[in-house]
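Reader: Please take me closely through one part of this model: its sheet, and whatever packs against it. Keep it brisk, and tie each piece to the next.

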Amino acid sequence: MMPACEPIRGHKITVPFRPASPKKSQRKTFGRDTSGATAVEFAMVAAPLFMLIFAIVETFVISAAGILLDTAVDDVARQVFTGQIQQSDIKPSVFREKICDKVDFLLSCDKVKLDLRTIPAFADIPTDVPMKLKQVDDSQFCFDPGAANSITVLRAYYEWPWTASFLHKLAAETDGNSVMFSIAAFMNEPFGDRLNSNSNCA
């Protein structure tokens, strides 16, 4: 009968350690080294991204300014067709201030161009933007709130210079400006025979 096997105790098995080859280790480290990649990638996309964000913000501001101009034109036009402007006999400069008081939060008053005149029929409402040398031509603009029952048109224009460079280039036909305009056409109410003595339309 063979004797039972006893486990060997007190012995350690040592596996020799071989360091990786320096060249091989450097190759692996270089392949995994991405410490500067994020910075380079961010630098590549940062400028276009910020330009896009700025253009979106500027477009939003211009849209808000356009709504503000529309609201001002509607409010002041109501004073015209109800006869308040005619009966108060205000001057064109005072009429301008009525518009400016409602838009000076975003718009510069001296750049607002106004045209208030009477027309023969609603079919004659001017819908184009009069341009000359890439700017709104206000040389023929005038002030005439009209008599009772007359058809009157109030037009307001504002040139907002684009700040975003690529939008400025796209608006080359308007000298890099976004042209905002608002039109209100209406028939004056029968408020009486009072006329504004400061009318200057031919």
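**The sheet and its cover**

Author: Start with one pair of residues. Leu114 has Ala156 of β4 as its bridge partner. The model is a predicted one. So which strands meet here, and in what sense do they pair? They are β1, residues 113-119, and β4, and the pairing is antiparallel. Seven bridges hold the place of contact between these two strands. Thr118 gives another reference point: Thr152 in β4 stands opposite.

Now move to the other neighbour of β4. That is β5, residues 177-187. The sense is antiparallel here too, and β4 and β5 share eleven bridges. Two pairs help you follow the register. Ile151 faces Met187 in β5. Arg155 stands opposite Ile183, also in β5.

Put the two pairings together. The result is an open sheet of three strands, ordered β1-β4-β5, with antiparallel pairing. Which strands form the edges? They are β1 and β5. Each has a single partner strand, so one side of each lacks a neighbour in the sheet. From one strand to the next, the twist averages 15 degrees.

Next, the helix that packs on this sheet. It is α2, and it touches β1, β4 and β5. The direction of α2 makes about 25 degrees with that of β5. A second helix, α4, lies across β1 and β4. Its run is at about 120 degrees to β1.

How enclosed are the strands? Take β4, residues 151-161. Ten of its eleven residues are buried, so the rest of the structure largely encloses this strand. For β1, five of the seven residues are buried, and the strand is mostly covered. Over the chain as a whole, buried residues account for 31% of the 202 residues.

The two helices also meet each other. A general point on description comes before the values. A packed pair of helices is described by the angle between the axes and the distance between them. Here α2 spans residues 37-81 and α4 spans residues 92-103. Their axes come within 9 Å and cross at roughly 145 degrees. The crossing is right-handed. On the α2 side, the contact is made by Leu68, Leu69, Ala72, Val73, Asp75, Val76, Gln79 and Val80. On the α4 side it is made by Phe95, Lys98, Ile99, Lys102 and Val103. By type, the contact has nine nonpolar residues, three charged and one polar.

One of these residues deserves a closer look: Gln79, in helix α2. Is Gln79 buried or exposed? Its relative accessible area is 17%, so Gln79 counts as buried, given that buried means under 20%. What does Gln79 touch, leaving out residues up to four places away in sequence? The list is Gln84, Ile85, Gln86 and Lys98. Lys98 is also one of the α4 residues in the helix contact.

Two loop residues stand out by their backbone. As a rule, most residues other than glycine have a negative phi. Lys134 has a positive phi, near 65 degrees, and is not a glycine. Lys134 is in the loop between β2 (131-132) and β3 (135-136). With a relative accessible area of 45%, Lys134 is partly exposed. Asn149 likewise has a positive phi, about 70 degrees, without being a glycine. Its loop lies between β3 and β4. Asn149 is partly exposed as well, at 48% relative accessibility.

Finally, set this part within the chain. There are five helices and five strands. From the N terminus the order is α-α-α-α-β-β-β-β-α-β. Take contacts between residues at least 6 apart in sequence: 79% of them join residues at least 24 apart.

How far does the predictor trust the model? The mean pLDDT of the chain is 85, and 83% of the residues score at least 70. Among the elements, β1 has the highest mean, 97. The lowest, 54, belongs to helix α1, residues 22-32. The edge strand β1 is thus a sound place to begin your inspection, as the element with the highest mean pLDDT.

How values were computed
Residues numbered from 1 in each chain as written. Predicted model: local features only at pLDDT ≥ 70, side-chain atom pairs only at ≥ 80, totals over all residues. Heavy atoms only, no water. Axes fitted to C-alpha atoms, helices over the stretch in contact; angles between N-to-C directions. Helix = DSSP H or I, 4+ residues; strand = E, 2+ residues; numbered from the N terminus. Left-handed = near helix turned anticlockwise from the far one by under 90°. Contact = heavy atoms within 4.5 Å. Nonpolar A, V, L, I, M, F, W, Y, C, P; charged D, E, K, R; others polar. Buried < 20%, exposed > 50% of the residue type's maximum accessible area, 1.4 Å probe, protein only. Pairing = 2+ DSSP bridges. pLDDT = per-residue confidence, 0-100.
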